[in-house]
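I opened the model today to look up a handful of residues and the overall fold. The entries below follow the order in which I checked things.

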Amino acid sequence: MPVGARIAGDGPISFDAPITLSDDGRLTGPFVRREGSTRRFVYIAIGTSAGQHASEWSRRAKIDVHDISADMLTQARQGRVLEIILPGRARNGGPACATVRPLQAWRAI
């Protein structure tokens with residue numbers, strides 16, 4: 001079920017996905033999915049996957065969180081919010097989907 005659904009326009013769009021950082025360094029929470037023993041990611045649903053039934057798209061963007069640096073995780077433990085900037089469009093002009101590579105590294109804000 002979609003949470004915080006939005007319709008994207010031409011400008012930036014922001015999503016907050018709270019993640020729990022356990023004492024042993026595991027990333028968990030209601031938005032975190034896993035693949036294998038180490039890969040952790042968050043999905044952003046797009047089009048019909050997000051409940052927009054009239055959309056021509058049915059996609060998900062996979063945002064990796066398992067590769068956040070130790071320094072960034074330390075800053076998160078200190079109460080900082082971590083941010084990543086992602087491309088919204090794929091090369092074909094449609095929504096970015098599958099594993100989406102960031103435009104810049106994770107940063108604490």
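Entry 1, Ile-63. I looked up the burial of this residue first. Ile-63 has a relative accessibility of 8%, and because buried means under 20%, I logged Ile-63 as buried. I note here that I am working from a predicted model. Ile-63 sits in strand E5, which runs over residues 58-64. I then listed the contacts of Ile-63, leaving out neighbours within four places in sequence. The list holds Arg-40, Phe-41, Val-42, Ile-44, Ile-84, Leu-86 and Val-100. I also took one distance: the C-alpha atoms of Ile-63 and Tyr-43 are 6.2 Å apart, with their positions 20 residues apart in sequence.

Entry 2, Gln-52. I found Gln-52 in the loop that joins strand E4 (39-47) to E5. Its relative accessible area is 35%, so I put Gln-52 down as partly exposed. Which residues does Gln-52 contact, once neighbours within four places in sequence are left aside? I got Ile-7 and Gly-47. For Ile-7 I also noted the C-alpha separation from Gln-52, which is 8.7 Å for two residues 45 apart along the chain.

Entry 3, Asp-10. I located Asp-10 in the segment before E1. Is Asp-10 buried or exposed? The relative accessibility is 84%, so I counted Asp-10 as exposed. I then took the C-alpha distance from Asp-10 to Gly-88 and got 9.5 Å, although the two are 78 residues apart in sequence.

Entry 4, Asp-67. I placed Asp-67 in the loop between E5 and H1. With a relative accessible area of 47%, Asp-67 is partly exposed. I checked Asp-67 against Ala-90, which is 23 residues away along the chain. Their C-alpha atoms are separated by 22 Å.

Entry 5, helix H1. I moved on to H1, residues 70-77, and asked which of its residues are buried. They are Met-72, Leu-73 and Gln-75. Looking down the axis of H1, I saw that these buried residues fall within an arc of 160 degrees, so they line one face of the helix. What do the buried residues of H1 pack against? I noted four strands: E1 (20-21), E2 (27-28), E6 (82-83) and E8 (107-108). After H1 comes Gly-79, and I recorded a positive phi for Gly-79, near 100 degrees.

Entry 6, Ala-98. I looked up another backbone angle and found phi of Ala-98 near 65 degrees, which is a positive value in a residue other than glycine. Ala-98 belongs to strand E7, residues 98-99. I marked Ala-98 as partly exposed, on a relative accessible area of 48%.

Entry 7, the chain as a whole. I counted one helix and eight strands in the protein chain. Along the sequence I read the pattern as β-β-β-β-β-α-β-β-β. The radius of gyration of the protein chain is 15 Å, close to the 13 Å that the globule rule gives for 109 residues, so I entered the chain as being as compact as a globular protein of that length. I took the span of the C-alpha trace along the principal axes as about 45 × 25 × 25 Å.

Entry 8, contacts and surface. I found that 24% of the 109 residues in the protein chain are buried. Of the contacts with a separation of 6 or more, 42% are between residues 24 or more positions apart. I have the accessible surface of the protein chain at about 7,700 Å², with 51% of it belonging to carbon and sulfur atoms.

Entry 9, charges. How far apart are the mean positions of the positive and negative charges in the protein chain? I counted 15 positive and 10 negative charges, and their mean positions are 4 Å apart.

Technical notes: Residues are numbered from 1 along each chain as its sequence is written. This is a predicted model: local features need pLDDT of at least 70, side-chain atom pairs count only at pLDDT 80 or more; totals for chains, interfaces and linings use all residues. Side-chain values use heavy atoms; hydrogens and water are left out. Buried means under 20% relative accessible area, exposed over 50%, partly exposed in between (1.4 Å probe, protein chains only). The arc is that of the directions from the helix axis to the C-beta atoms. Contact means heavy atoms within 4.5 Å. The radius of gyration is taken over C-alpha atoms; the globule rule is 2.2 Å times the number of residues to the power 0.38. Accessible areas come from the Shrake-Rupley method with a 1.4 Å probe; for residues, only the protein chains shown count as cover. Lys and Arg count as positive and Asp and Glu as negative; His and the chain ends are not counted. The place of a charge is taken as NZ of Lys, CZ of Arg, CG of Asp or CD of Glu.
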